[in-house]
Amino acid sequence: MAGANDCFSIGSTVACKTCYKEEIEGEVLAFDPQTKMLILKCPSSSGAPALNDVHIVNLSLVSEVQVKREVSPTTSEPPQSLNLQKLNKRVRNQIEEKKKLVMALQAGVSPEGQKLFSTISKTIPEITWNGANIVVFDNVTIRPPYKVDNVHGNTESGAYKHVKKVVEKHIKDTEASQQAQQQREQQQQQKQKGEVPVFEEK
C-alpha cells in the first residue's frame, strides 16, 4: 500500500485504488487504524441523489491512497473506530436470517407468506421465521395462511394490536391491487375483442 495516512479525518475526501485496479473516491465516515479498515460514503451507483453507496475498504489491499480534500482536525471530531464486534454480529444475524428463510421455504411457505414477511420487515426489524410461522417482536406469531385470524399473541398487548393492523392493511392493499389488475386485464380483453374484425357469410 502506498501513501496511506496513519489517520483520516472524518469528512475528508479520499481516493483509493485497489489491487484489483478499482478506483473508489468518497467522504470518510470512519477509520480503524488497527485493522486498516476505511469506510467511505460515495455517490449512489444508481444515480439517485438522495442515496449513497458505502464502501468498506481494506487498506492492506490498496495500492494507492490520495487525500483529495483534507478536513482540519480542529473543526471535526476524530475518526470513529469501527465496531468490529457489532459488524460481525450484524453479519451473523443476516446469515441466520437467510438460513431461517431457506428453512421456511423448505417448510412450504406460500408466496403470500413471503410477501407479508417482506411488508412487515419494512417497518418492523424485529421479525423472523420459525418454520412456516412469522414471529414479530418475539411474542406475536402469524401462522399460515397468514390472514388476520392467524395472528396469535397477547390480544391486549400493543405489539399484537400493531401487528394485526399491519396484516389488515397488507391484505386490503393486496386485494385492491388484485382487483385493479383484474380490471386492467378485462379492459384489455374487451379492447382486443373490439379490434377483431367480424366477417359475415353471404
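Colleague: In which loop does Pro145 lie?

Modeller: Pro145 lies in the loop between β8 (140–142) and β9 (151–152); strands (E, at least two residues) and helices (H or I, at least four) are DSSP runs, numbered from the N terminus. As a general idea, most peptide bonds are trans. Here the bond from Pro144 to Pro145 is cis, with omega near 5 degrees.

Colleague: On what basis should the model be read?

Modeller: This is a predicted model, in which local features need pLDDT of at least 70 and side-chain atom pairs count only at pLDDT 80 or more, while totals for chains, interfaces and linings use all residues. Residues are numbered from 1 along each chain as its sequence is written, and side-chain values use heavy atoms, with hydrogens and water left out. The predictor's confidence in each residue is its pLDDT, from 0 to 100. The protein chain has a mean pLDDT of 82, and 87% of its residues reach 70 or more.

Colleague: Over which residues does pLDDT stay under 50?

Modeller: That is the case over residues 1–5, for which the model has 12 contacts beyond four places in sequence; a contact means heavy atoms within 4.5 Å.

Colleague: What is the phi of Phe137, and what is that of Asp138?

Modeller: Most residues other than glycine have a negative phi. Phe137 has a positive phi near 60 degrees, and Asp138 a positive phi near 70 degrees. Phe137 is in the loop between β7 (133–136) and β8, and Asp138 also has its place in the loop between β7 and β8.

Colleague: Why does Phe137 count as partly exposed?

Modeller: Buried means under 20% relative accessible area, exposed over 50%, and partly exposed in between (1.4 Å probe, protein chains only). Phe137 counts as partly exposed because its relative accessibility is 28%. Asp138, at 74%, therefore counts as exposed.

Colleague: Which residues of helix α2 are buried?

Modeller: In α2 (residues 111–121) they are Gly113, Leu116, Phe117 and Ile120. These residues lie on the same side of α2 because they cover an arc of only 100 degrees around the axis, taken from the directions from the helix axis to the C-beta atoms. The face turned away from this buried side carries the exposed residues Pro111 and Lys115.

Colleague: How many bridges join β1 to β2?

Modeller: Two strands pair if DSSP finds at least two bridges between them. Antiparallel strands β1 (residues 13–18) and β2 (residues 23–32) are joined by 5 bridges, and Ala15 has Glu25 as its bridge partner in β2. Their hairpin has 4 residues between the strands, and Lys21 takes a positive phi near 70 degrees there.
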